[in-house]
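Let's take a walk through this structure together, one region at a time. Have the sequence and the 3D view open as you read.

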Amino acid sequence: MSKDLFSVEDQAQIIEAIKLAEMQTSGEIRVHIEPNCKGEPMDRALEVFAELNMHSTALKNGVLIYLATADKKFAIIGDKGIHEKVHDSFWNEEKELLKEHFSKGEFTLGLTKAIYKVGEKLKLHFLYQSDDTDELSNDISFGGKADA
Ligand code: CA
Ligand code: CA
């Protein structure tokens with residue numbers, strides 16, 4: 001289980017990062033972690049995005065960080081509201097940051113740093129509103145079983 005790679009403290013840190021990032025922006029961030037990804041991580045991330053019903057935000061500003069721990073694959077994607085505002089450089093910088101940490105096995109550090117950066121960037125385009133609601137759960141979504 002990929003979940004075993006994340007201690008209770010690790011998970012709490014990631015959830016806290018999401019909570020803090022979402023206090024800066026109306027954007028919603030989710031993290032999905034599973035052991036394996038057979039194909040392209042981008043394709044799988046799109047699938048997960050739909051499974052988690054992440055298209056349901058009012059401003060179409062959900063962001064998913066997808067990570068397949070055993071296969072060392074990951075992707076970061078955003079809904080169309082974000083794509084209309086940001087350039088590819090936004091995603092590329094995030095990818096570089098994640099790659100740098102994931103390659104060293106620093107999953108929690110990479111995730112929390114990337115989450116903060118997403119919050120920083122999203123606040124430029126999607127201001128936090130005083131009546132903000134938590135449209136998408138901050139909990140980590142764990143999926144799949146490791147290949148036997
Ligand atoms: Ca929110
Ligand atoms: Ca949320």
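Is Glu28 buried or exposed? At 0% relative accessibility, Glu28 counts as buried, because the cut-off for that label is under 20%. Please keep in mind that this is a predicted model. Glu28 makes a good starting point, as it coordinates both calcium ions.

## Two calcium ions that share a glutamate

Let's begin with the calcium ion (ligand 1). Its protein donors are Glu28 (OE), Asp132 (OD), Asp132 (OD) and Thr133 (O), at 2.1 to 2.8 Å from the ion. Along the chain, these donors follow the spacing E-x103-D-T. Glu28 sits in strand β1 (residues 28–34), while Asp132 belongs to the loop between α5 (107–125) and β4 (141–142), so the pair ties together parts that are 104 residues apart in sequence. In contrast to the buried Glu28, Asp132 counts as partly exposed, at 26% relative accessibility.

Now for the calcium ion (ligand 2), which lies 5.4 Å from the calcium ion (ligand 1), with Glu28 bridging the two. Here the protein donors are Glu22 (OE), Glu22 (OE), Glu28 (OE), Asp134 (OD), Leu136 (O) and Asn138 (OD1), lying 2.2 to 2.6 Å from the ion. Their spacing along the chain reads E-x5-E-x105-D-x1-L-x1-N. The arrangement of the 6 donor atoms is irregular because they subtend angles of 53 to 173 degrees. For reference, six octahedral donors would ideally give angles of 90 or 180 degrees. Leu136 counts as buried, at 5% relative accessibility, whereas Asp134 counts as partly exposed, at 44%.

## The sheet

Strand β1, the home of Glu28, is part of an open sheet of 4 strands. The strand order is β3-β2-β1-β4, and the pairing is mixed. At the edges are β3 and β4, each of which pairs on one side only.

How are β1 and β2 joined, parallel or antiparallel? They run parallel, with 7 bridges between them; Ile33, for example, has Leu67 in β2 as its bridge partner. By contrast, β2 and β3 run antiparallel, joined by 6 bridges. One of the bridge pairs links Val63 to Gly78 in β3. These two strands form a hairpin with 4 residues between them, and Lys72 in that turn has a positive phi of about 50 degrees. Although β3 is an edge strand, 5 of its 6 residues are buried, so β3 is largely enclosed by the rest of the structure.

## Helix α2 and the loop after it

Helix α2 (residues 41–51) has Pro41, Arg44, Ala45, Val48 and Phe49 as its buried residues. They cover an arc of only 145 degrees around the axis, which means that they lie on the same side of α2. This fits a general rule: an α-helix has 3.6 residues a turn, so residues three or four places apart point the same way. The buried residues of α2 pack against β1, β2 (62–68) and β3 (73–78).

The loop between α2 and β2 holds two residues worth a look at the backbone: Asn53 and Lys60. Most residues other than glycine have a negative phi. Asn53, however, has a positive phi near 55 degrees, and Lys60 has a positive phi of about 50 degrees although it is not a glycine. Lys60 is also partly exposed, with a relative accessible area of 27%.

## The nonpolar cores

Which residues touch the most other members of the largest nonpolar core? Of its 28 residues, they are Ile14, Val31, Val63, Ile65, Leu67, Leu111 and Ile115. The elements giving two or more residues to this core are α1 (8–21), β1, β2, β3, α4 (88–102) and α5. The most comes from α5, with 6 residues.

Leu67 is a handy residue to centre your view on. Leaving aside residues up to four places away in sequence, Leu67 touches Phe6, His32, Ile33, Glu34, Lys73, Phe74, Phe102, Phe107 and Leu111. Apart from the largest core lies another, of 12 residues, among them Ala45, Phe49, Leu64 and Ala68. Ala45 and Phe49 are already familiar from the buried residues of α2.

How values were computed: Residues are numbered from 1 along each chain as its sequence is written. Chains are lettered from A and ligands numbered from 1 in the order in which they are written. This is a predicted model: local features need pLDDT of at least 70, side-chain atom pairs count only at pLDDT 80 or more; totals for chains, interfaces and linings use all residues. Side-chain values use heavy atoms; hydrogens and water are left out. Donors are N, O and S atoms within 2.8 Å of the metal (3.2 Å for Na, K and Ca); water is not among the atoms, so sites may look incomplete. Four donors count as tetrahedral if all angles lie between 85 and 135 degrees; four count as square planar and six as octahedral if opposite donors are over 155 degrees apart and all others between 65 and 115; anything else is irregular. Buried means under 20% relative accessible area, exposed over 50%, partly exposed in between (1.4 Å probe, protein chains only). The arc is that of the directions from the helix axis to the C-beta atoms. Contact means heavy atoms within 4.5 Å. A nonpolar core is a set of buried Ala, Val, Leu, Ile, Met, Phe, Trp, Tyr and Cys residues joined through side-chain atoms within 4.5 Å. Two strands pair if DSSP finds at least two bridges between them.
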